[in-house]
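Q: Could you walk me through this model, with the cut-offs spelled out as we go?

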Amino acid sequence: TLPSSLKELSGEFDAVIHLAGLYDFNANYAENYLGNVVATQTLIDWAQGKTNRILYASTFAIHSPDQEGTLAEERLAKLPSREIGYSYTKALAEELLLGSAFELDVFRLGSLVAGPSDFVPEKLDGPYAFMKVLSY
């Protein structure tokens, strides 16, 4: 998410794995926009001529289950509400990448949980809250 960190990287790459972004449902829209949309545009600009492929970690939070309770694995028909800054800006970042010339893989991930046995999650939402209960 820090544009200056890209200056240290040179050469050509088989692919770029884009995991950077702001994961915070409580952050305001501007913070989410900077962390997700601006960071993605910065990466797109930097990656020109360095790779043909980007793998992007998005989120399942960008849309609701359809009527049958499943999540579609296709381009969004409509953006989520702007009121949910995190979801909206992750969807905007997806659209930026889909509109680029890169070969693209988008992974709409749920919550990822991993770490050493003494791992203390930074956030206590979703499965993290449940893990805390289990640790007692």
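A: Buried means under 20% relative accessible area, exposed means over 50%, and partly exposed lies in between (1.4 Å probe, protein chains only); helices (H or I, at least four residues) and strands (E, at least two) are DSSP runs, numbered from the N terminus. In those terms, strand β2 (residues 53–59) is mostly covered, with six of its seven residues buried. This is a predicted model, in which local features need pLDDT of at least 70 and side-chain atom pairs count only at pLDDT 80 or more, while totals for chains, interfaces and linings use all residues. Residues are numbered from 1 along each chain as its sequence is written, and side-chain values use heavy atoms, with hydrogens and water left out.

Q: What pattern does the protein follow along the sequence?

A: The pattern reads α-β-α-β-α-β-α, made up of four helices and three strands.

Q: And which strands does β2 pair with?

A: Strands count as paired if DSSP finds at least two bridges between them. β2 pairs with strand β1 (residues 16–18) in the parallel sense over three bridges, and with strand β3 (residues 103–109), also in the parallel sense, over seven bridges. Across the pairing with β1, H18 stands opposite Y56 of β2. The chain gets from β1 to β2 through helix α2 (residues 29–47), and this β-α-β crossover is right-handed, a term that applies if, with the strands pointing away from the viewer, the path from the first strand over the helix to the second runs clockwise. On the other pairing, L55 stands opposite D105 in β3.

Q: How many salt bridges are there?

A: Counting a side-chain nitrogen of Lys or Arg within 4 Å of a carboxyl oxygen of Asp or Glu, there are four salt bridges. One of them joins the side chains of R53 and E103 at 3.6 Å, N to O; because R53 lies in strand β2 and E103 in strand β3, the pair ties together parts that are 50 residues apart in sequence. R53 also forms a salt bridge with D105, where the closest N and O atoms are 2.5 Å apart.

Q: Are those three buried or partly exposed?

A: R53 is partly exposed at 30% relative accessibility, E103 is partly exposed at 48%, and D105 is partly exposed at 24%.

Q: Which partner does R108 have, and how is that partner placed?

A: R108 forms a salt bridge with E94, the closest N and O atoms being 2.8 Å apart, and the pair links R108 in strand β3 to E94 in helix α3, 14 residues away in sequence. R108 counts as partly exposed at 23% relative accessibility, whereas E94 counts as buried at 1%.

Q: Changing topic, where does P80 sit, and what does P80 touch?

A: P80 lies in the loop between β2 and α3 (85–98), and P80 counts as buried because its relative accessibility is 15%. Taking contact as heavy atoms within 4.5 Å, P80 touches I62, S87, Y88 and A91, not counting residues up to four places away in sequence. The C-alpha atoms of P80 and A61 are separated by 8.8 Å, with the two residues 19 apart along the chain.

Q: How much of the whole protein counts as buried, and what is its accessible surface?

A: Of the 136 residues, 29% count as buried. The accessible surface, from the Shrake-Rupley method with a 1.4 Å probe and, for residues, only the protein chains shown as cover, comes to about 9,100 Å², of which 54% belongs to carbon and sulfur atoms.
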